[in-house]
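User: I'd like to learn how to read a structure like this one. Can we go through it feature by feature?

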Amino acid sequence: MRVLGIETTCDETAASVVQLKAGGGGTILSNVVHSQIAEHAAYGGVVPEIAARAHVELLDNLVRRALEAADVAFAELDGIAAAAGPGLIGGVMVGLTTGKALALAGGKPFMAINHLEAHALTARLTDGVEFPYLLLLVSGGHTQLIAVRGVGQYTRIGSTVDDAIGEAFDKVAKMLDLPYPGGPQVEKAAMEGDPARFDLPRPMLRRPGADFSLSGLKTAVRLEIEKLGHTPRPGEVADLCASFQAAVVDVIGDRTRAGLRLFREQFGPPRALVVAGGVAANTAIRHALTRLSTQTGVKLMVPPAQLCTDNGAMIAWAGLERLQLGLTDGMDFAPRPRWPLDASATPLHNGKA
Ligand code: KG4
Ligand code: ZN
């Protein structure tokens with residue numbers, strides 16, 4: 001069974017063909033990603049209109065390349081999957097409409113995929129992880145702890161009440177005049193810095209529940225910069241980055257530990273702690289999670305970096321999982337800029353559900 005997956009919810013245009021592997025998991029036959037970083041760099045962040053136009057220009061060719069690289073003819077596909085949200089509406093419309101058109105033209109089943117569900121199921125593509133497990137999703141748009149109990153069965157255990165962690169990294173980088181995207185730059189600068197130089201807050205530490213808050217930490221960094229009274233010098237930039245990163249590491253460790261505890265109380269022992277999203281590339285954060293895994297005895301799984309960030313293979317895989325269960329969608333499926341995985345959870349006012 002083979003499915004084509006299309007991803008256009010943010011600033012990556014991506015297409016991929018994934019095939020079901022006998023005995024569990026999947027084989028990625030192709031995974032073509034065009035990251036629009038260059039298109040948005042001058043603005044210090046993703047510009048929705050520019051992203052939507054770039055998806056229009058790039059997607060047809062990317063789909064063609066994904067089929068060629070997989071050496072699969074269109075007729076040999078068993079289904080088409082496209083991310084239908086949550087994300088920037090213009091981009092979502094481009095991918096969803098293209099996916100529907102291909103499915104209609106080829107008379108193939110169509111699967112409208114929740115982008116967050118695709119992140120949540122990626123560890124099953126790469127490692128065949130069994131349900132239930134705890135997902136820590138940390139990207140530029142999302143910061144959530146989700147109990148993944150089965151396909152379509154998700155319980156939100158924790159979430160940011162304001163900024164996403166990647167967003168906080170990007171905003172701190174911007175304050176320090178580091179280029180976009182800021183996460184890797186902050187991490188690089190932090191390597192040379194003193195994490196104890198600035199005493200920054202650890203928002204939500206040891207609070208009941210497993211929610212995150214990042215905006216107070218971001219503001220604290222701004223206040224430290226103002227206190228300096230001058231543009232931070234390279235040594236100060238390094239110390240600010242190191243102090244900020246140390247605070248984030250503490251917060252992630254504490255909140256994920258709380259998440260594991262809540263998971264156990266509600267669903268029994270998790271089979272794994274799965275980490276996804278661009279922030280999972282951060283070495284200090286990975287180390288903290290490895291320590292947590294050793295202490296709690298819960299296996300840590302971090303899919304390879306190119307599958308942690310946005311890609312088409314995760315959409316194709318979620319499509320395969322759903323197709324196997326007969327969960328297909330009609331041509332009337334509308335794009336969803338907001339689409340929480342756990343519909344029963346209290347809505348988040350920041351739109352980051
Ligand atoms: O998952 P992703 O590629 O895109 C979405 O946001 O959907 O994540 C990108 C985010 C950006 O905010 C970027 O700054 C952050 O992940 N990031 C990092 C690192 N690499 C990427 N944050 C901290 N440390 C890193 N090494
Ligand atoms: Zn994503």
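User: Let me start with a proline. Where does P181 lie?

Analyst: Keep in mind that this is a predicted model. P181 sits in the loop between α5 and α6.

User: And how should I read the backbone around there? What is the peptide bond from Y180 to P181?

Analyst: The general idea goes like this: most peptide bonds are trans, and most residues other than glycine have a negative phi. Here, the bond from Y180 to P181 is cis, with omega near -10°. D177 lies in that loop between α5 and α6 too, and D177 has a positive phi of about 65° although it isn't a glycine.

User: Which residues does the other cis peptide bond, with omega about -10°, join?

Analyst: That one joins G85 and P86. You'll find P86 in the loop between β4 (79-85) and α3 (89-106).

User: On to the metal. Which residues coordinate the zinc ion (ligand 2)?

Analyst: As background, ideal angles at a metal are 109.5 degrees for four tetrahedral donors, and 90 or 180 degrees for six octahedral ones. In this model the zinc ion is held by H115 (NE2), H119 (NE2) and D310 (OD), at 2.1 to 2.2 Å. Along the sequence, these donors follow the spacing H-x3-H-x190-D. That makes for a link between distant parts of the chain: H119 is in helix α4 (residues 115-127), while D310 is in the loop between α10 (305-308) and α11 (313-324), 191 residues apart. Water isn't among the atoms, so a site may look incomplete.

User: Now ligand 1. Which residues come nearest to it?

Analyst: Start with the shell, then look for polar contacts. There are 16 residues around ligand 1, and G140, D170, G183, E187 and G278 come nearest. Three of these glycines put a backbone N or O atom by an oxygen atom of the ligand: G140 at 2.7 Å, G278 at 2.9 Å and G183 at 3.0 Å. The protein covers 88% of the 550 Å² of accessible area that ligand 1 has on its own.

User: Which helices each supply at least two residues of that shell?

Analyst: Those are α5 (165-175) and α6 (182-190). By type, the shell around ligand 1 splits into nine polar, four nonpolar and three charged residues.

User: Last one: how does the space taken by ligand 1 rank among the pockets?

Analyst: That space is the largest pocket.

How values were computed: Residues are numbered from 1 along each chain as its sequence is written. Chains are lettered from A and ligands numbered from 1 in the order in which they are written. This is a predicted model: local features need pLDDT of at least 70, side-chain atom pairs count only at pLDDT 80 or more; totals for chains, interfaces and linings use all residues. Side-chain values use heavy atoms; hydrogens and water are left out. A residue is near a molecule or strand if one of its heavy atoms lies within 4 Å of it. A polar contact is a pair of N or O atoms within 3.5 Å; within protein, one must be able to donate a hydrogen and the other to accept it, and residues adjacent in sequence count only if both atoms are side-chain atoms. Accessible areas come from the Shrake-Rupley method with a 1.4 Å probe; for residues, only the protein chains shown count as cover. On a 1 Å grid over the protein atoms alone, a cavity is a set of points where a 1.4 Å probe fits but cannot get out, and a pocket is an open set with protein on both sides within 12 Å along at least five of seven lines; lining residues have an atom within 4 Å of a point. A molecule sits in a cavity or pocket if more than half of its atoms lie within 2 Å of its grid points. Helices (H or I, at least four residues) and strands (E, at least two) are DSSP runs, numbered from the N terminus. Ala, Val, Leu, Ile, Met, Phe, Trp, Tyr, Cys and Pro count as nonpolar, Asp, Glu, Lys and Arg as charged, and the others, Gly among them, as polar. Donors are N, O and S atoms within 2.8 Å of the metal (3.2 Å for Na, K and Ca); water is not among the atoms, so sites may look incomplete.
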